[in-house]
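This report describes a single molecular structure together with its ligand. The sections below take up the ligand site, the nonpolar cores, selected buried residues and two backbone features.

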Amino acid sequence: MSAGLFVSFEGIDGSGKSTQARMLHAHLQAGGHDAILTREPGGSPGAEEIRALVLNGAPDRWSPETELLLFTAARRDHLERTVRPALAAGRTVICDRFADSTRMYQGLRGAGLRAQVDALHDLMIGQEPDLTILIDMDASAGLARAVARVAAGGGGEDRFEAFGGDLQAQMRQGFLALAAEFPQRIRVINGARDVDAVAADVQATVAERMG
Ligand code: ADP
Ligand code: TYD
């Protein structure tokens with residue numbers, strides 16, 4: 001059996017990743033495709049426990065280095081228990097955030113930390129998605145969506161959103177730079193449109209990659 005396709009969604013908080021990942025999953029399943037929907041941090045029981053540790057509490061709860069280790073531990077567990085078994089069974093894996101989020105969020109938090117992020121990734125993860133969809137949009141508009149979602153009770157973890165708008169703007173530029181660094185893998189889609197228009201582009205991009 002051939003390995004399944006591994007698709008990740010990336011972008012700043014509030015850009016619409018979770019919405020689009022869910023819609024892609026529903027679309028593929030409706031077409032008779034065997035696909036799973038998962039997320040990081042989390043996606044396996046152990047990694048979900050680490051998620052609770054890392055996303056709740058004060059912004060200075062963890063140093064950038066400790067945080068990097070926690071996210072990497074969560075990813076390793078998620079890969080071992082969820083992602084690799086599904087890919088090996090020929091299933092498509094749709095993942096809401098993956099290693100590019102660590103490159104951005106932890107890589108930008110500490111001076112020179114990106115080199116450590118890359119070294120740890122090579123040592124402990126060593127796997128990239130086949131396709132990464134970067135949902136790109138203005139940082140303040142994304143933050144406003146994320147804040148509105150939390151206010152509506154749709155997502156309680158706020159440790160990262162507490163880092164504020166400047167960091168979100170840096171993240172956006174960082175993600176676009178990453179897309180330029182990995183042009184074969186990362187496709188940029190404009191997220192500042194209505195949900196269905198974004199979803200249509202996502203579907204077309206995945207269909208093209210599936211051949
Ligand atoms: P992310 O996972 O990137 O943080 P979400 O998918 O959770 O983003 O979306 C954040 C909020 O914005 C949610 O309340 C969601 O319903 C809303 N939203 C998502 N996509 C769009 C869109 N294209 N236009 C307007 N609102 C959107
Ligand atoms: P998520 O629940 O996807 O937040 P949102 O839906 O608001 O985008 O992710 C939670 C936070 O975790 C998000 O602010 C980004 C952060 N994060 C990292 O800092 N490093 C990582 O490796 C991952 C996967 C996420």
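## Ligand site

A backbone N or O atom of Gly14 lies 2.8 Å from an oxygen atom of ligand 1. An oxygen atom of ligand 1 is also 2.6 Å from a polar atom in the side chain of Lys17. On the nitrogen side of the ligand chemistry, an N or O atom in the side chain of Arg145 is 3.3 Å from a nitrogen atom of ligand 1. Taken alone, ligand 1 exposes 560 Å², of which the protein buries 74%. These distances and areas are computed from a predicted model.

The shell around ligand 1 comprises 14 residues, and the closest are Lys17, Ser18, Thr19, Arg149 and Arg193. By class, this shell has 6 charged, 6 polar and 2 nonpolar residues. Helix H1 (17-30) and helix H6 (139-151) each supply at least two residues of the shell. The largest share, 3 residues, comes from H1.

## Nonpolar cores

The largest nonpolar core has 15 residues, and those with the most contacts inside it are Val7, Phe9, Leu24, Ile94, Ile133 and Val202. Two or more residues of this core are given by each of strand E1 (6-10), H1, strand E4 (131-136) and helix H8 (195-210). Helix H1 thus appears both in this core and in the shell around ligand 1.

Ile94 illustrates the contacts made by a member of the core. Leaving aside neighbours within four places in sequence, Ile94 is in contact with Val7, Phe9, Ala21, Leu24, His25, Leu28, Ala35, Ile36, Leu37 and Thr38. A second, separate core of 12 residues includes Met104, Leu134, Ala139 and Leu178.

## Helices H4 and H5

Helix H4 is mostly covered, with 9 of its 11 residues buried. The buried residues are Ala99, Asp100, Ser101, Thr102, Arg103, Met104, Tyr105, Gln106 and Gly107. Of these, Met104 is also a member of the second core.

His121 is placed in helix H5 (residues 113-124). Because its relative accessibility is 7%, His121 counts as buried. Apart from neighbours within four places in sequence, His121 contacts Ala99, Arg103, Gly126, Gln127 and Glu128. Two of these partners, Ala99 and Arg103, are among the buried residues of H4.

## Buried residues with contacts distant in sequence

Asp136 belongs to strand E4 and is buried, with a relative accessible area of 13%. The side chain of Asp136 makes a polar contact of 2.9 Å with the side chain of Arg172. Excluding neighbours within four places in sequence, Asp136 is in contact with Arg172, Leu176, Val188, Ile189, Asn190, Gly191 and Ala192. In the case of Ala192, the C-alpha atoms are 7.5 Å apart in space, although Asp136 and Ala192 are 56 residues apart in sequence.

Ala199 lies in helix H8 and has a relative accessible area of 5%, so this residue is buried. Not counting residues up to four places away in sequence, Ala199 touches Gln20 and Met23. Ala199 and Met23 are 176 residues apart along the chain, and their C-alpha atoms are separated by 7.0 Å.

Thr72 is located in helix H3 (residues 64-88) and is buried, with a relative accessible area of 8%. A polar atom of the Thr72 side chain lies 2.7 Å from the backbone oxygen of Leu68. Beyond residues up to four places away in sequence, Thr72 touches Leu120, Met124 and Ile125.

## Backbone features in loops

The peptide bond from Glu40 to Pro41 is cis, with omega near -10 degrees. Pro41 is found in the loop between strand E2 (35-39) and helix H2 (45-55).

Arg97 is not a glycine, yet this residue has a positive phi of about 75 degrees. Arg97 is found in the loop between strand E3 (92-96) and helix H4 (99-109). With a relative accessible area of 12%, Arg97 is buried.

Terms used. Residues are numbered from 1 along each chain as its sequence is written. Chains are lettered from A and ligands numbered from 1 in the order in which they are written. This is a predicted model: local features need pLDDT of at least 70, side-chain atom pairs count only at pLDDT 80 or more; totals for chains, interfaces and linings use all residues. Side-chain values use heavy atoms; hydrogens and water are left out. Helices (H or I, at least four residues) and strands (E, at least two) are DSSP runs, numbered from the N terminus. Buried means under 20% relative accessible area, exposed over 50%, partly exposed in between (1.4 Å probe, protein chains only). A polar contact is a pair of N or O atoms within 3.5 Å; within protein, one must be able to donate a hydrogen and the other to accept it, and residues adjacent in sequence count only if both atoms are side-chain atoms. Contact means heavy atoms within 4.5 Å. A residue is near a molecule or strand if one of its heavy atoms lies within 4 Å of it. Accessible areas come from the Shrake-Rupley method with a 1.4 Å probe; for residues, only the protein chains shown count as cover. Ala, Val, Leu, Ile, Met, Phe, Trp, Tyr, Cys and Pro count as nonpolar, Asp, Glu, Lys and Arg as charged, and the others, Gly among them, as polar. A nonpolar core is a set of buried Ala, Val, Leu, Ile, Met, Phe, Trp, Tyr and Cys residues joined through side-chain atoms within 4.5 Å.
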